[in-house]
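Open your viewer and have the selection tool ready. We will go from one place to the next, pausing to look around at each.

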Amino acid sequence: MLPLKTPSSPHAHAMSSVSIVMLKVIVALIPGIIASVYFFGWGTLINVVLAAATALLSEAFVLRLRGHAVMPALLDGSALVTALLLAVALPPIAPWWISVLGSLFAIVITKQLYGGLGYNPFNPAMAGYAFLLISFPAAMTTWLLPEVVSGVHLNLIESLRVIFLQKWPMELHVDAVSMATPLDLIKTQLGVHRTISEIRFGTSIIGDFGGKGIEWVGNWYLLGGLWLLYMRVITWHIPFLMLATLFAFSTLFSLYDPDVYSWPMFHIFSGGTLLCAFFIATDPVTAATTPRGRLIYGAGIGALIYIIRTWGGYPDAVAFAVLLMNIAAPTIDYYTQPRVYGYDK
């Protein structure tokens with residue numbers, strides 16, 4: 001008989017499973033999804049349905065091709081979580097094929113092509129998002145103005161017509177109710193010799209911290225993330241170090257030249273920062289797993305987000321920061337292994 005290889009003691013049962021963990025993540029995402037629908041209309045929910053249906057169908061198709069059991073993989077919830085994370089990151093008025101293509105790339109190319117759950121080196125949702133952002137930048141950077149700014153609310157039927165047919169109501173035009181993201185606005189407006197203060201107080205789409213509507217959506221993702229911490233689905237290491245590093249970088253540069261570098265809370269409450277900190281960067285498959293490694297991993301994501309946002313070509317940078325640190329995660333784990341229990345060295 002072959003000897004049974006087990007890790008070093010002590011041993012404890014986690015009293016959990018992939019499906020339970022994924023269910024808790026889905027529950028934690030719900031407040032943020034509801035807030036997105038409230039501020040930006042039905043498009044977010046339509047994105048969720050399209051991405052989820054595509055993810056489940058494509059995962060079932062690939063599993064069948066590989067000769068694997070379909071239902072256990074679908075019921076573990078991992079494909080659905082990937083779809084939700086991708087969908088909430090997409091513009092609410094993006095054409096329907098954006099959600100479908102992104103979800104297909106995330107599941108088929110990034111996840112199943114590498115062997116399925118547990119084998120993928122990159123976060124599927126962020127890989128799908130990066131693919132869409134590089135391939136279709138115009139569609140990925142045009143957002144619907146929040147109702148509190150535009151005073152316009154698209155009902156479900158109007159949202160479906162816009163997403164599937166690109167037909168707006170007769171009295172509206174896309175330029176009147178759409179916008180670039182606040183992060184993109186800051187980056188492009190600084191290029192025409194305007195200061196941060198002039199941009200911040202000269203536009204109606206920037207709120208107390210980040211973009212109007214977006215900052216409140218971030219609050220609900222923060223609440224969901226804190227619940228995941230309370231339920232011990234995730235640990236504090238990655239979210240804390242990511243946010244602390246991003247805050248530290250933005251504070252230092254803002255103090256150095258506040259006319260050129262955005263204020264710290266703008267970086268925290270804009271874009272996908274809070275969604276990334278608690279739901280994306282903490283992915284147990286693609287993140288670092290050792291305690292010290294998680295600290296390095298989280299700090300690396302925070303630093304890269306600031307660097308790419310400030311000096312790179314993309315305004316948000318969350319997806320690229322996560323994917324770059326996904327590459328580094330195995331090396332980080334290798335050099336941060338904890339001392340084996342029972343050994344002095």
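Start by selecting G218, N219, Y221, L222, G224, G225, L226, L228 and L229 in α13, then add L274, L275, F278 and F279 in α16: these two sets of residues meet each other. Keep in mind throughout that this is a predicted model. Now show the two helices as axes. The axis of α13, which covers residues 214–230, comes within 9 Å of the axis of α16, and the two cross at roughly 15°. Angles under 35 degrees count as roughly parallel, and α13 and α16 are therefore roughly parallel to each other. Their crossing is left-handed.

Next, stay with α16 and bring in α6. Helix α16 (273–280) is among the elements that cover the buried residues of α6, and so are α4 (78–89), α5 (96–111), α7 (137–140) and α18 (318–335). Colour α6 by burial and you will find that nine of its twelve residues are buried. To pick them out, select P124, A125, M126, A127, G128, Y129, A130, L132 and L133.

How far apart are the end C-alpha atoms of α6? Try the distance tool on residues 124 and 135: the separation is 16 Å, which agrees with the 16 Å that twelve residues should span at 1.5 Å a residue. Before leaving, zoom in on the start of α6, where N123 places a side-chain oxygen within 3.1 Å of the backbone nitrogen of A125.

Two of the helices covering α6, namely α4 and α5, make a good next stop. Their axes are 10 Å apart and the helices pack at an angle of about 135°. That makes α4 oblique to α5. To see the contact, select S78, A79, T82 and L86 on α4 together with S99, G102, S103, A106, I107 and K111 on α5. This crossing is right-handed, whereas the one between α13 and α16 is left-handed.

Now jump to T290, in the loop that joins α16 to α17 (291–311). Is T290 buried or exposed? Its relative accessible area is 5%, so T290 is buried. Beyond its neighbours within four places in sequence, T290 is in contact with D333, T336, Q337 and P338.

Finally, zoom out to the whole protein. There are 18 helices and two strands, and 49% of the 345 residues are buried. Of the contacts with a separation of 6 or more, 76% are between residues 24 or more positions apart.

Definitions and conventions: Residues numbered from 1 in each chain as written. Predicted model: local features only at pLDDT ≥ 70, side-chain atom pairs only at ≥ 80, totals over all residues. Heavy atoms only, no water. Helix = DSSP H or I, 4+ residues; strand = E, 2+ residues; numbered from the N terminus. Expected span 1.5 Å × (residues − 1). Buried < 20%, exposed > 50% of the residue type's maximum accessible area, 1.4 Å probe, protein only. Contact = heavy atoms within 4.5 Å. Polar contact = N/O pair within 3.5 Å; in protein donor to acceptor, adjacent residues only side chain to side chain. Axes fitted to C-alpha atoms, helices over the stretch in contact; angles between N-to-C directions. Parallel < 35°, antiparallel > 145°, perpendicular 65-115°, else oblique. Left-handed = near helix turned anticlockwise from the far one by under 90°.
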